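Work through the exercises below with the structure open beside you, and try each task before reading its solution.

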Amino acid sequence: MKIVYTDNNATTKVADEVINEMLPYLGQLYGNPSSMHTFGGQVDKKVTQARQRVADLINADPEEIVFTSCGTESDNSAIYSAINAFPDKKHIITSNVEHPAINNLYKELEKTKGYEVTFVPVDKKGLLDLDLLYNSMSQNTAIISLMWANNETGVLFPIEDIAKKANEKGILFHTDAVQATAKVPIDVKKTGVDMLSLSGHKIHAPKGIGVLYVKKGFKFSPFLIGGHQEGGRRGGTENTVSIIGLGKACEMAKENLPIMNSTVKELRDYLQNQLLEKIPGSSVNGDLEQRLPNTLSIGFDAVEGESILLLLDRQGICASSGSACTSGSLDPSHVLMAMEVPFKSAHGSIRFSLSHYNTKEEMDHIIATLVPTIQKLRDMSPFWKDGKMI
Amino acid sequence: MWDYTDKVKDHFLNPRNTGELEGANAIGETGSLNCGDALKLFLKVNENERIVDATFMTFGCASAVASSSALTEIIKGMTLDDAAKLTNDDISDYLGGLPKAKMHCSVMGQSALKKAIADYRGVQILEKPGQIVCECFDVTDLEIIDAVKANNLESTDDVTNYLKAGGGCGQCLERIEEVIESVKAKG
Ligand SMILES: Cc1ncc(COP(=O)(O)O)c(C=O)c1O
Ligand code: FES
């Protein structure tokens, strides 16, 4: 069966070009970039090129790029570095729709280290309450950390405005740009963020490679203490193969950014509008404008997400649901709950996240599958009768 | 997600006995939209108190649909007295087992059946005895104590898997922990 992959916010296909770039370094060219010999040195050259390519994608200087093992490590490193830099400041500001990669760290810091964390709420469209955010900034705030784009809904936060306010107040600002990278333009110089996380496997590089951008001048303290690698900011022999792959992926992402915001966006909009038109009782989660071009979170009244996903899966369609059903919690995702999406559609919310590998034929296949799937489930739902909710 | 047995998959993909049942003389409803799953069970019971037909309507995940489908297959032909003895394990066993996190789906089947039988017999199911511990899912301390004893549950996760209690806002988790401790303390 042909696979229709529309779960790119979960992970992406490693691009063929990326694999080709990596293969020699997985095979013959296995030298250690820190070695004195030419054999290692040639790998170091390639790592340097990769660092430059990553820097180019976000308009950073190469020395500001720290390679890590994943987005989660980048996020954790940023927060720990901030609290090490300002041990007396016991307040952190974030939002209530962050990724577990960072959200669970806050809970840990609250519980075990006595931190006070302000989880700034979002409105029904997933947009941040900026007044509350600005009012909660204080002398005691060690760091503000907000995601650039939400993984479930694709909703974008106004990172540039917030960074500006944070800078004015002299508060450190970090953004988790794992979902924003390669989908919207990122310019760290213009934005003025202090730290920024990104992750390889969301942008057609392999899993297990991440980046933390650290602005020059910040007294960064390493999360992994060890060798002198990464300018003493992250111990451990470099994951050369993945770094080289990520470099190539960043170069491609820069080229593909216009496609993402034209072709891919048009496909997403086509899918969205067709589904809204053909399936009554459906609604989009999140602001329609302030949103990633590739993401569609759409809720269907009176049906449940896991059932939809399994029926889509039968037709080779990969998507994900907003419900955390398998984790024992039957509540819909914390993101949809924070947005006060009504239960009637929150449980039946599905996320489609596209890439430039998707085609119009694939969108048509999804539409043709989803329409009867929702009908089938509604036919046996006690909350649906004669074409509407009861 | 693919922890499901072939039997569960079969009953999810090809559910038996769905839809409203014309001429039903007993109906049992459990769950709600907010909970994330709900089951409405329709029975046709003859003058000898035998279930001659059963159908269901379910909102929920694959195992909720499969449990409902299995339930209707099991109880068709049973007397109400026998049906009243059915447990959630019978439903789960019929399906070759359910993943732990989905045990509450079989509990839901058992609960809808109880309500349908009460509906037929015209008895009112009284306000639940005991104190509500989990507001989100309307679960009492006595229900938790029963489930802990019957299934040797050890942790709050176990309780959530069986009764859903604690799987919503999570505010009741400490209280659930206390209830589990109290059962253990009494041996
Ligand atoms: C917003 C966001 N932050 C962080 C992560 C974690 O990245 P990684 O899987 O590389 O640890 C993800 C992806 O899972 C994400 O979507
Ligand atoms: S009260 Fe039990 S989960 Fe909310």
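**Exercise 1.** Find which atoms of the protein lie opposite oxygen atoms of ligand 1, starting with A:G71.

*Solution.* Begin at A:G71, where a polar backbone atom is 2.8 Å from an oxygen atom of ligand 1. Next, turn to the side chain of A:T72, which has an N or O atom 2.5 Å from an oxygen atom of the ligand, and then to the side chain of A:H201, where the corresponding distance is 2.9 Å. Taken alone, ligand 1 exposes 390 Å², and the protein buries 89% of that (accessible areas come from the Shrake-Rupley method with a 1.4 Å probe).

This is a predicted model, in which local features need pLDDT of at least 70 and side-chain atom pairs count only at pLDDT 80 or more, whereas totals for chains, interfaces and linings use all residues. Residues are numbered from 1 along each chain as its sequence is written, chains are lettered from A and ligands numbered from 1 in the order in which they are written, and side-chain values use heavy atoms, without hydrogens and water.

**Exercise 2.** Determine where B:N152 is found and whether B:N152 is buried or exposed.

*Solution.* First locate B:N152 in the loop between α6 (141-151) and α7 (156-163) of chain B, where helices are DSSP runs of H or I with at least four residues, numbered from the N terminus. Then read its backbone angle: phi of B:N152 is near 50°, a positive value in a residue other than glycine. Finally, B:N152 has 61% relative accessibility and therefore counts as exposed (exposed is over 50%, buried under 20%, with a 1.4 Å probe and protein chains only).

Notes. Polar contact = N/O pair within 3.5 Å; in protein donor to acceptor, adjacent residues only side chain to side chain.
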